[in-house]
Amino acid sequence: MAMKRVAASAVRALTASADSTSSASSTLTRNLHASPGSKKIVGVFYKANEYAKMNPNFVGCVERALGIRDWLELRGHQYIVTDDKEGPDCELEKHIPDLHVLITTPFHPAYVTAERIKRAKNLELLLTAGIGSDHIDLKAAAEAGLTVAEVTGSNVVSVAEDELMRILILVRNFVTGYHQVINGEWNVAAIAYREYDLEGKTVGTVGAGRIGKLLLQRLKPFNCNLLYHDRIRMDPELENQIGAKYEEDLEKMLPKCDIVVINMPLTEKTRGMFNKDLIAKMKKGVLIVNNARGAIMDTQAVVDACSSGQIGGYGGDVWNPQPSPKDHPWRYMPNHAMTPHISGTSIDGQLRYAAGVKDMLDRYFKGEDFPPQNYIVKEGQLASQYR
């Protein structure tokens, strides 16, 4: 019932028409809010093909286009949606010179490079349907006076739940047992020799923003020892309520952890952070879950550590690049629980980020500010987590 209420609430938000207006705010080199007239809006999403018809709330795909096509076209705007985003002759490239708004998603990222931004002379607004805008060259966007925003909070629950699932999958050695079943095998020992309980284990999250905090809250009933590292310490009352201990020094926290969860954004500082040397400082056999960004990890270092047993299991849904090529080494390394990038695009998550995109477009057309937490680039300034 709770899931139905969430879905119903988000659907109402998608279909509700806005009825209030306000005065326009200040402008930049490129307008912070909409310039007058009809807008060309381009959305880049993954294609659902036959799956699009199987769920009317499957709005995050090309076919359903966030459920906002009629709403936009009735207001005189042009809305083009595609999954074709790579190469000089792709569909997206055809629209770069004259689009006003580009909507992208982390799950099928259209990489918005400095070169694309330079050629997009009419571009005013970059929206991310979901959380995580590192597929955009944020520095170039800031220098061009563009606004970049995402639907902050839209898939926090979705990702935190997925992280908890992957922790349990790794701890209980589930994947090995699953493969035995589909291969017609039965070898309990091959599963049980590295199957553990979660209770009593030390779990550390690297990053304790919205997702990290929620994961810690979800873990509390499992009676784990909870640690977190973040640039900002959480409120002492919340810290006490969750039962998590703050670790200011990451390199001192990691050796204490049986399980490490990555919950930080991808920035120039965090790119490749988990390299051979840092992984070597962890407990031998550590389990790692990464639903943040694949490029935070040194790809080959993860493969080598999984092969040697330094990493006892690696799970996540983020890759570098995305979509991952068929020969990506993470597909073939031992003891992994990897999937395509799905954690934040549950049906409930889709409804929330679709509603959030619609809300920001409505505010953009009216000249209203977005919720402050949604801004990634505003008036030439990057949000603090990307600096």
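Contact here means heavy atoms within 4.5 Å. With that in hand, take I169 in this predicted model: leaving out residues up to four places away in sequence, I169 touches F174, V175 and A337. I169 sits in helix α6, and because its relative accessibility is 19%, with the cut-off for buried at under 20%, it counts as buried. There's a long-range relationship to look at too: I169 and G315 are 146 residues apart along the chain, yet their C-alpha atoms are separated by 8.5 Å.

Before going further, a word on confidence. The protein averages a pLDDT of 92, and 91% of the residues score at least 70. Residues 1-6 are another matter, with pLDDT below 50 and 3 contacts in the model beyond near neighbours in sequence. Residues 15-29 also stay under 50, though the model gives that stretch 25 contacts beyond four places in sequence. Where pLDDT is low, the predicted coordinates shouldn't be read in detail.

Helix α6 also leads us to the largest pocket, since α6 (156-171) and α9 (210-219) each supply at least two residues of its lining. The pocket has a volume of about 1,200 Å³. Of the 48 residues that line it, G209, N263, M264, P265 and Q385 are the closest to its centre. By type, the lining divides into 20 nonpolar, 18 polar and 10 charged residues. Helix α9 makes the largest share of that lining, with 4 residues.

Stay with α9 for a moment. Its buried residues are I211, G212, L214, L215, L216 and L219. What covers them? The cover includes α6 and α10 (236-242), along with strands β6 (202-206), β7 (225-229), β8 (244-246) and β9 (259-262). Past the helix, in the loop between α9 and β7, you'll find N223. Its phi is near 60 degrees, a positive value in a residue other than glycine. At 48% relative accessibility, N223 counts as partly exposed.

L66 makes a good companion to N223. It isn't a glycine either, and its phi is positive at about 70 degrees. L66 lies in the loop between β1 (40-44) and α2 (69-74), and with 0% relative accessibility it counts as buried. As background, most residues other than glycine have a negative phi, and most peptide bonds are trans.

That brings us to the peptide bonds that go the other way. A cis bond joins N320 and P321, with omega about 0 degrees, and the bond from Q322 to P323 is cis as well, with omega near -15 degrees. P321 lies in the loop between β11 (311-316) and β12 (336-338), and P323 is found in the loop between β11 and β12 too.

Now for two strand residues. N290 lies in β10 (residues 286-290) and is buried, at 0% relative accessibility. A polar atom of its side chain lies 3.1 Å from the backbone oxygen of R293. Setting aside neighbours within four places in sequence, N290 is in contact with I262, M297, Y314, G315, G316, D317 and V318. You've met G315 already, as the residue whose C-alpha is 8.5 Å from that of I169.

The other is V377, in strand β13 (residues 375-378). V377 is likewise buried, at 0% relative accessibility. Beyond four places in sequence, its contacts are L138, A141, A142, L146, T147, V148 and L382. As for the pocket residue N263, V377 is 114 residues from it in sequence and 21 Å from it in space, C-alpha to C-alpha.

Terms used: Residues are numbered from 1 along each chain as its sequence is written. This is a predicted model: local features need pLDDT of at least 70, side-chain atom pairs count only at pLDDT 80 or more; totals for chains, interfaces and linings use all residues. Side-chain values use heavy atoms; hydrogens and water are left out. On a 1 Å grid over the protein atoms alone, a cavity is a set of points where a 1.4 Å probe fits but cannot get out, and a pocket is an open set with protein on both sides within 12 Å along at least five of seven lines; lining residues have an atom within 4 Å of a point. Grid points are joined across faces, edges and corners, and a volume is the space filled by probe spheres set on the points. Ala, Val, Leu, Ile, Met, Phe, Trp, Tyr, Cys and Pro count as nonpolar, Asp, Glu, Lys and Arg as charged, and the others, Gly among them, as polar. Buried means under 20% relative accessible area, exposed over 50%, partly exposed in between (1.4 Å probe, protein chains only). A polar contact is a pair of N or O atoms within 3.5 Å; within protein, one must be able to donate a hydrogen and the other to accept it, and residues adjacent in sequence count only if both atoms are side-chain atoms. pLDDT is the predictor's confidence in each residue, from 0 to 100.
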